[in-house]
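Visitor: Please walk me through this protein chain, one question at a time. Where should we begin?

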Amino acid sequence: MSGKLLRWIEAFLSERRQRVVLGGVESDWEKVTSGVPQGSVIGPLLFVVYINDLPNSIELPSKLYADDSKVMCELRKGKEWEDAQRLQRDIDRIGNWCDTWLMRLNVGKCKVMHLGKKNPRTMYYMRDAATGTVSALEKTDLERDLGVMVSSDLKYRAQVSLAVSKANSVFGMLRRTFVSRDAAIWKKLYTTYVRPHLEFAVPVWCPYLKGDIGKLEGVQRRATKVAHAMKNKSYEQRLQLLDLTTLEKRRVRGDLIQVYKVVNEVEQVSWLNEPHLGHERAGQSSKFILENVKDCRAREMFFINRALKEWNSLPDWVKQAPSVGEFKGALDLYGCYSSSPSRDEFCEE
């Protein structure tokens, strides 16, 4: 970065001052000698540029999103201590990187999550640059990561409870606010204000336990009963009259759309372990090879296995749609048949 761009950014960051105003009382002005202005458009971008080389200074895989950073380490059987030491060395390297580039970590917010029943739950340490002391990192079993509650057992009960709580809160507010019980109005209200809370980032935490699936579906069951015209009708009848589908079917549809985008490079995903295609058979397109997972329901229902199993079952004429919009149409049409339609039938339609 050089020339006018560098000088423009320098002018944007230099000679800044700030003060605090509280109840009409003003503090003295203080110079801001580091950081980026909060609330600015280019501020987050400059911060990301500044820390973007952090993964280059460590050995293990890492993920960065704004100021959230995660380092992941797999403890191999028989080499648990060796791998734990690798993670500790990377934690030390992160501390050294922060010292070099005048960054300061809040050690109190840095935590370690141990996954797996046989995990030795090793203690890890980090040096606090402010005090010079070395502290043990706090162990945690539940953390919020980019709006999703992640637990050490990889079950999403907490996330399901959070989503249901938010959706019910909005649903209750709408019932108190709107007097009308017209079906068309309540379908619009539900799909606009309530359902998004039940589906936020759902490809990541897609529920696979029967109880969690029932809790999410229960919100839609109650929402479809509000309209007077829906009284004394079964859930299936209400969905048909409102032209809705179950949330479970919507999650499957969303998974398939995401796979289509990845396969056709509409979106780029940085896989830790990229899915692989098998060899083509005569008259058939190649299919993705699923992981052979034993004794780990959470891993078995992870996106790769869950979505690619459904993808492999789709006929070629659906998977080979030329655009995302046409794929959605072909997918919906395929779902309307009791038996798989041919490509010719779809083209005629």
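Guide: Start with a definition: the radius of gyration is taken over C-alpha atoms, and the globule rule is 2.2 Å times the number of residues to the power 0.38. Keep in mind that this is a predicted model.

Visitor: What radius of gyration does the protein chain have, set against a compact globule of 349 residues?

Guide: The rule puts a compact globule of 349 residues near 20 Å. The C-alpha trace spans about 65 × 60 × 50 Å along its principal axes. The radius of gyration of the protein chain is 26 Å.

Visitor: How many helices and strands does the protein chain have?

Guide: Both kinds of element are present, and they are numbered from the N terminus. The count is 14 helices and 14 strands.

Visitor: What share of the 349 residues counts as buried?

Guide: Buried means under 20% relative accessible area. Of the 349 residues in the protein chain, the share that passes is 31%.

Visitor: Among contacts with a separation of 6 or more, what share joins residues 24 or more positions apart?

Guide: Contact here means heavy atoms within 4.5 Å. Take the contacts in the protein chain with a separation of 6 or more; the share from residues 24 or more positions apart is 51%.

Visitor: Is Arg86 buried or exposed?

Guide: Arg86 sits in helix 3, residues 80–100. Its relative accessible area is 19%. The cut-off for buried is under 20%. Therefore Arg86 is buried.

Visitor: Which side chain makes a polar contact of 3.2 Å with the side chain of Arg86?

Guide: Leave out residues up to four places away in sequence, and Arg86 touches Glu59, Leu60 and Arg76. The side-chain polar contact of 3.2 Å joins Arg86 to Glu59.

Visitor: What volume does the largest cavity have?

Guide: Rolling a probe the size of a water molecule over the atoms shows where empty space is left. The structure holds 2 cavities of 30 Å³ or more. The second largest has about 50 Å³ of space. The largest has a volume of about 70 Å³.

Visitor: Which element gives the most to the lining of the largest cavity?

Guide: The lining includes Gly95, Cys98, Asp99, Met126 and Arg127. Helix 3 and strand 8 (125–127) each supply at least two lining residues. With 3 residues, the top contributor is helix 3.

Visitor: How many charged residues are in the lining of the largest cavity?

Guide: Asp and Arg count as charged. Asp99, Arg104 and Arg127 are among the lining residues. By class, the lining has 6 nonpolar residues and 1 polar; the charged ones number 3.

Visitor: Which helix supplies the largest share of the lining of the second largest cavity?

Guide: The lining includes Trp186, Lys187, Tyr190, Ala223 and Leu244. By class, it has 7 nonpolar, 1 polar and 1 charged residues. The largest share, 3 residues, comes from residues 183–199, helix 5.

Visitor: Is Arg157 buried, partly exposed or exposed?

Guide: Arg157 lies in helix 4, residues 157–177. Beyond its neighbours within four places in sequence, Arg157 is in contact with Leu209 and Asp212. Its relative accessibility is 44%. Partly exposed covers values between 20% and 50%, so Arg157 counts as partly exposed.

Visitor: What distance separates the C-alpha atoms of Arg157 and Asp53?

Guide: Along the chain, Arg157 and Asp53 are 104 residues apart. In space, their C-alpha atoms are separated by 36 Å.

Visitor: Where is Leu146, whose phi is near 55°?

Guide: Phi of Leu146 is positive, in a residue other than glycine. At 42% relative accessibility, Leu146 counts as partly exposed. Leu146 is found in the loop between strand 11 (142–145) and strand 12 (148–151).

Visitor: What is the value of phi at Ala201?

Guide: Ala201 is found in the loop between helix 5 and helix 6 (202–205). Its relative accessible area is 25%, so Ala201 is partly exposed. Its phi is positive, in a residue other than glycine, and near 55°.

Visitor: How many of the 10 residues of helix 11 are buried?

Guide: Helix 11 runs over residues 303–312 and is mostly covered. Phe303, Ile304, Leu308 and Trp311 are among its buried residues. What covers them includes helix 6, helix 9 (247–263) and helix 13 (324–335). The buried count is 8.

Technical notes:
Residues numbered from 1 in each chain as written. Predicted model: local features only at pLDDT ≥ 70, side-chain atom pairs only at ≥ 80, totals over all residues. Heavy atoms only, no water. Helix = DSSP H or I, 4+ residues; strand = E, 2+ residues; numbered from the N terminus. Buried < 20%, exposed > 50% of the residue type's maximum accessible area, 1.4 Å probe, protein only. Polar contact = N/O pair within 3.5 Å; in protein donor to acceptor, adjacent residues only side chain to side chain. 1 Å grid on protein atoms, 1.4 Å probe; cavity = no way out; pocket = protein on both sides within 12 Å on 5 of 7 lines; lining within 4 Å. Points joined across faces, edges and corners; volume = space filled by probe spheres on them.
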